[in-house]
Each structure stands twice: as C-alpha cells, then as structure tokens.
Amino acid sequence: MPIATAPNAMPTERPLISVVMPCYNCAPYLAEAVGSVLRQTHGNVELILVDDGSTDESPNIEARLAQEHGPRLCLLHARRVGPYPARNLGLQRARGEFVAFLDADDWWEPVALEKLHAGLIGASADLAYCGWQNVGADMASQPYVPPEYEKGDPVEGFMRGCPWPIHAALVRRSVVERLGGFSERRFSSMDYDFWLRALALTRNIVRVPEILAYYRWHAHGQISAVKWRQVLDALAVQQDFVRANPQLAAHLPQPRLRELTEGQVLKQAYRALWKRDIASAHKLFRHVAVARSFGFKELRHVLSAMLPFPAYRWLVRLADRNDR
C-alpha cells in the first residue's frame, strides 16, 4: 500500500523514489541532469547513475558528483552495453517504492517527481505521466501534453505510437519488477516496448497535465536519429504486444489495426522520401513491399525501392533534377 504523507511532512518521510540514469559521453550535460534529480522538491530521491564506458570527462564528473552527494548517488559501471541494459543494471540497485528514468543529457522541472507522485497517489494509480518538450540547437518544438489516455481507449492510444518519452513518467516499483525491467530485443524502441508491456499489466494510469520533462535533441548520434530502424522496431514491438495480448486488441477492427501498424510504416516511408532521407525511404518502402501493405498509387515507389540502394538513390536524385 502507498505510504501516506502528511501535508507538512519532511522530505525524508516521503516514499523513496529511485531514479535510474545511464550515461555515455554526456560530460557537457551530466551535472545539470544529476542536479535536476537531486534537487527535486520531493526530497526523498536516490539516483543510480550507470556509466556505460564513457571515454570523455564523464567518469571524472561522476566521481566528483558521487563524492559531493554521498549515499544519495549510487555510481555503477558498465562496458558499452547500451542504455537499456545499463538501465536494467541500475534497476538491480533500486530501493524505492517508485521508479523513474532520466537520461544524462535531459532534465526535469524541480517539482516533477513531487507532482507525478502526488498525481499517482491521488488517483491510486500504478503509473503517472506528464507533458514534455524537445529542446536543442536545431529544434523548434512546442511543449506537448499528451492526451488523457485513461479517459479513452488506452490500447488504441498506445498503438498510435510511444505515448511518452522515457523520462516523462513515474511507475510503481512493483510494476517494473513484474515487467522484469527492459527488454533488450529492439534497439531503438525499448522504451515503447516497456510502456506497451506495462499497459498489458495495468490500465490504472493517470495524467499530470503539465510540462515537467525536457528531452535534449542532438539530431545525430542518438538512437532515434536512424529513422528506418526506429519505425521498424516500433512496428515489431506493436506486433509483439498484439500477439502476447490478443484480448486487449480484439476490439480493434483488423483494418484499423493494420492502419495503426503497417499503415504507419507506409506513412513514415513517404515522410522519409519527402525529407530526402533516402536510406530510410529505401528501407521502409522495401518493407511495405514485403508486407504487401500498399495500394496502386504506391506501386511506383515500392517497385523502385526493390532496386539496389545506389540505383534507388540515383532515381530519386534524377527526379529531383527533373523537377527543377
């Protein structure tokens, strides 16, 4: 049962929240990310920081921060296992009744965990989620508050795409333990897989309709920067969810289910082509061909994608020249 908190309770009387943070070469942002965790107004927060074989100044910064923050910061080390295996390593040391995740280049509002916890306890929920904003030198993104999934059809809502980023939610540790942590099967969609599997366990979720989390977009070098891989991994975890939980998706008509899954691949193939991400367009239209999820108007794009990539790239560039 949740631990009741008196209105004027000291921070240490509040339930412990464990925050797991993987870090690989995030020296410019690390201190800010750690500070945003350990300065949370919730107060009773522990940070499990997992260095994943950083080769920049991150290890030196981590050592200084561990000394500065003492027992509130647990520093672990991995050898380039990737962010999700690193998170699983961190989860093994988590002691809190609640768990949240933050990457070493992102940050929270100081009240983020306090408000997420209050929302979760107030609704007797298993998971609370909030709004966020993507930020970065080349990013002009508006703040975004997700829909209130619990008031509609959460299964259809989650099937439209990953409902929130990894750091925009607070989860009961009991749920995380039942999930067994993160799957390590889908390179770029393991957060989506995690939230889908959580949905299969519980639809007892609640929205906190505020912008509390910030995602730093670097454009290059991020898992999500390889568009075709992101799209196909997302499709794979959707299909895994439906196979594992047919009763949860049974109310969705097959045409709608196909639109939410294979139909998204076709949309993203066109989007990649419009953006002249030729490598992603080639991969995605090829998948569309194999899956036979296209109509007559897509035929020329699908057929051209069956060419070897150099020939496909030449055709796209030729079409660009002819359009000038």
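This report walks through one helix packing and the aromatic contacts of a predicted model.

Let's begin with the helices. Helix 8 (residues 227-244) packs against helix 12 (residues 278-291) with the axes 8 Å apart and an angle of about 30 degrees between them. Angles under 35 degrees count as roughly parallel, and the two helices are therefore roughly parallel to each other. On the helix 8 side, the contact is made by Lys227, Trp228, Val231, Leu232 and Leu235. Helix 12 contributes Ala279, Ser280, Lys283, Leu284 and His287. Sorted by character, the residues of this contact are six nonpolar, two polar and two charged.

Now for the rings. The structure holds 16 aromatic pairs, among them a tilted one between Tyr129 and Tyr149, with 5.8 Å from centre to centre and 50 degrees between the planes. Tyr129 belongs to strand 6 (residues 127-136), while Tyr149 sits in the loop between strand 7 (139-140) and helix 5 (154-159), so the pair ties together parts that are 20 residues apart in sequence. Tyr129 counts as buried, at 0% relative accessibility. Tyr149 is buried too, with a relative accessible area of 9%.

Both tyrosines belong to an aromatic cluster that also takes in Tyr84, Phe101, Phe158, Trp164, Phe182, Phe194 and Trp195.

Two arginines have their charged ends over rings, as the table shows.

| Charged residue | Ring | Distance from ring centre |
|---|---|---|
| Arg80 | Tyr24 | 3.6 Å |
| Arg87 | Phe182 | 5.9 Å |

Phe182 thus appears twice here: in the aromatic cluster and under the charged end of Arg87.

Notes. Residues are numbered from 1 along each chain as its sequence is written. This is a predicted model: local features need pLDDT of at least 70, side-chain atom pairs count only at pLDDT 80 or more; totals for chains, interfaces and linings use all residues. Side-chain values use heavy atoms; hydrogens and water are left out. Axes are lines fitted to C-alpha atoms, for helices over the stretch in contact, and angles run from 0 to 180 degrees between N-to-C directions. Helices (H or I, at least four residues) and strands (E, at least two) are DSSP runs, numbered from the N terminus. Angles under 35 degrees count as roughly parallel, over 145 as roughly antiparallel, 65 to 115 as roughly perpendicular and the rest as oblique. Contact means heavy atoms within 4.5 Å. Ala, Val, Leu, Ile, Met, Phe, Trp, Tyr, Cys and Pro count as nonpolar, Asp, Glu, Lys and Arg as charged, and the others, Gly among them, as polar. Rings of Phe, Tyr and Trp (its six-membered ring) pair if their centres lie within 6.5 Å; planes under 30 degrees apart count as stacked, over 60 as edge-to-face and the rest as tilted. Buried means under 20% relative accessible area, exposed over 50%, partly exposed in between (1.4 Å probe, protein chains only). A charge sits over a ring if NZ of Lys or CZ of Arg is within 6 Å of the ring centre and within 35 degrees of the ring normal.
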